[in-house]
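Biologist: Could you take me through one part of this model closely, one residue and its surroundings, and then set that part against the rest of the chain? I would like a single connected account.

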Amino acid sequence: NGFVFMDRNLGATVTGAESHGLYYQWGRKDPFRKPSGSPLNVDTLTTSADNLAKSIAHPDTFYVSLSSPYDWIGPNQNNNLWSTVDDEKAQYDPCPFGWRVAVVKNDADGSPWNGFTSNTYNGASYPLAGYLDGFSGHLVGNTGGVWGASARARDGFVFKFTSAPGSGTATSALRTNAYPVRCVKDIR
């Protein structure tokens, strides 16, 4: 599709199914490591909270929301944390210089994952890293997904997949969930 992706998820040290990389709540600049025995530091939001400044001061806190819009930032959602209204890389995009979280124009032709029907395609492979549940912070495994920089309604765009053929789908997920990020070359 003309997109050049990194050969691994952001934060992964090796390629392959065993290296999941880091997990990001949609729009956050700071990641979470895959839980391994010790639980995440979880904080439940109040409905009036604006957690952008709080998340910067406490990057190790996983914010859960038990009410709509189910966004870690609180009720005043910001659709431009990873991508500006002009589709430029925004200040909270976690990818290194020259790379960015992929922008998705729509679910069909604008998806950088067109052609993927599972977690592998044309030499590329995505690990089944699961995601961190936005209601608890617990790891939900046996699936895969990577965030896109685009927002849709109250949700963030995510490309989800399993190892089964036909499982790759462009969809949305609650912004309190945490998925890995696969950076794309920033060609602007």
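**A close look at Asn 177**

Modeller: In this predicted model, Asn 177 sits in the loop that runs between strand E11 (169-173) and strand E12 (178-179). Asn 177 has a relative accessible area of 8%, which is under the 20% limit, and therefore the residue counts as buried. Its side chain makes a polar approach to the backbone, since the backbone nitrogen of Gly 134 is reached at 2.7 Å. Once the neighbours within four places in sequence are set aside, the contacts of Asn 177 include Tyr 131, Leu 132, Asp 133 and Gly 134, and among them are also Tyr 24, Gln 25, Trp 26 and Trp 147.

The surroundings of Asn 177 belong to a protein chain with 1 helix and 13 strands. Along the sequence the elements follow the pattern β-β-α-β-β-β-β-β-β-β-β-β-β-β. Of the 188 residues in the chain, 48% are buried. Of the contacts between residues at least 6 apart in sequence, 58% join residues at least 24 apart. The chain exposes about 8,800 Å², and carbon and sulfur atoms supply 50% of that area.

A second buried residue in a loop can be set beside Asn 177, namely Arg 28, which is placed between strand E1 (24-25) and strand E2 (41-44). Arg 28 has a relative accessibility of 2%, and because buried means under 20%, this residue too is counted as buried. A polar atom of the Arg 28 side chain lies 2.8 Å from the backbone oxygen of Thr 61, whereas the side chain of Asn 177 reaches a backbone nitrogen, that of Gly 134. Leaving out residues up to four places away in sequence, Arg 28 touches Ser 55, His 58, Pro 59, Thr 61, Phe 62 and Tyr 63, and the list goes on with Trp 72, Trp 82, Tyr 92 and Pro 94. For Ser 55, which is 27 residues from Arg 28 along the chain, the C-alpha atoms of the two are separated by 8.0 Å.

Arg 28 also leads to the question of enclosed space. Rolling a probe the size of a water molecule over the atoms shows where empty space is left. The structure holds 1 cavity of 30 Å³ or more, and about 40 Å³ of space lies in the largest cavity. The lining of this largest cavity consists of Gly 27, Arg 28, Lys 29, Asp 30, Leu 52, Ser 55, Ile 56, Trp 72 and Tyr 92. By residue class, the lining divides into 4 nonpolar, 2 polar and 3 charged residues. Ser 55, Trp 72 and Tyr 92 belong to this lining, and Arg 28 touches each of these three residues.

The loop between E1 and E2 also holds Arg 33, and here the accessibility is of another kind. Arg 33 has a relative accessibility of 62%, and since exposed means over 50%, it counts as exposed. Beyond its neighbours within four places in sequence, Arg 33 is in contact with Leu 22, Tyr 23 and Leu 40. Arg 33 and Gly 21 are 12 residues apart in sequence, with their C-alpha atoms 7.5 Å apart in space.

Other loops can be described in the same careful way. Ala 164 lies in the loop between strand E10 (155-161) and E11. At 35% relative accessibility, Ala 164 counts as partly exposed. The C-alpha atoms of Ala 164 and Asn 119 are 8.0 Å apart, although 45 residues separate the two in sequence.

Backbone geometry deserves a separate check. In the loop between strand E3 (61-64) and strand E4 (99-100) lies Pro 69, which is joined to Ser 68 by a cis peptide bond with omega of about 20 degrees. Tyr 70 is placed in the loop between E3 and E4 as well, and Tyr 70 has a positive phi of about 55 degrees although it is not a glycine. Asn 142, also not a glycine, has a positive phi of about 70 degrees and is found in the loop between strand E8 (139-140) and strand E9 (144-152). Asn 142 counts as exposed, with a relative accessibility of 71%, whereas Asn 177, the residue at the centre of this account, is buried at 8%.

Key. Residues numbered from 1 in each chain as written. Predicted model: local features only at pLDDT ≥ 70, side-chain atom pairs only at ≥ 80, totals over all residues. Heavy atoms only, no water. Helix = DSSP H or I, 4+ residues; strand = E, 2+ residues; numbered from the N terminus. Buried < 20%, exposed > 50% of the residue type's maximum accessible area, 1.4 Å probe, protein only. Polar contact = N/O pair within 3.5 Å; in protein donor to acceptor, adjacent residues only side chain to side chain. Contact = heavy atoms within 4.5 Å. 1 Å grid on protein atoms, 1.4 Å probe; cavity = no way out; pocket = protein on both sides within 12 Å on 5 of 7 lines; lining within 4 Å. Points joined across faces, edges and corners; volume = space filled by probe spheres on them. Nonpolar A, V, L, I, M, F, W, Y, C, P; charged D, E, K, R; others polar. Areas by Shrake-Rupley, 256 points an atom, 1.4 Å probe, with all protein chains shown as cover.
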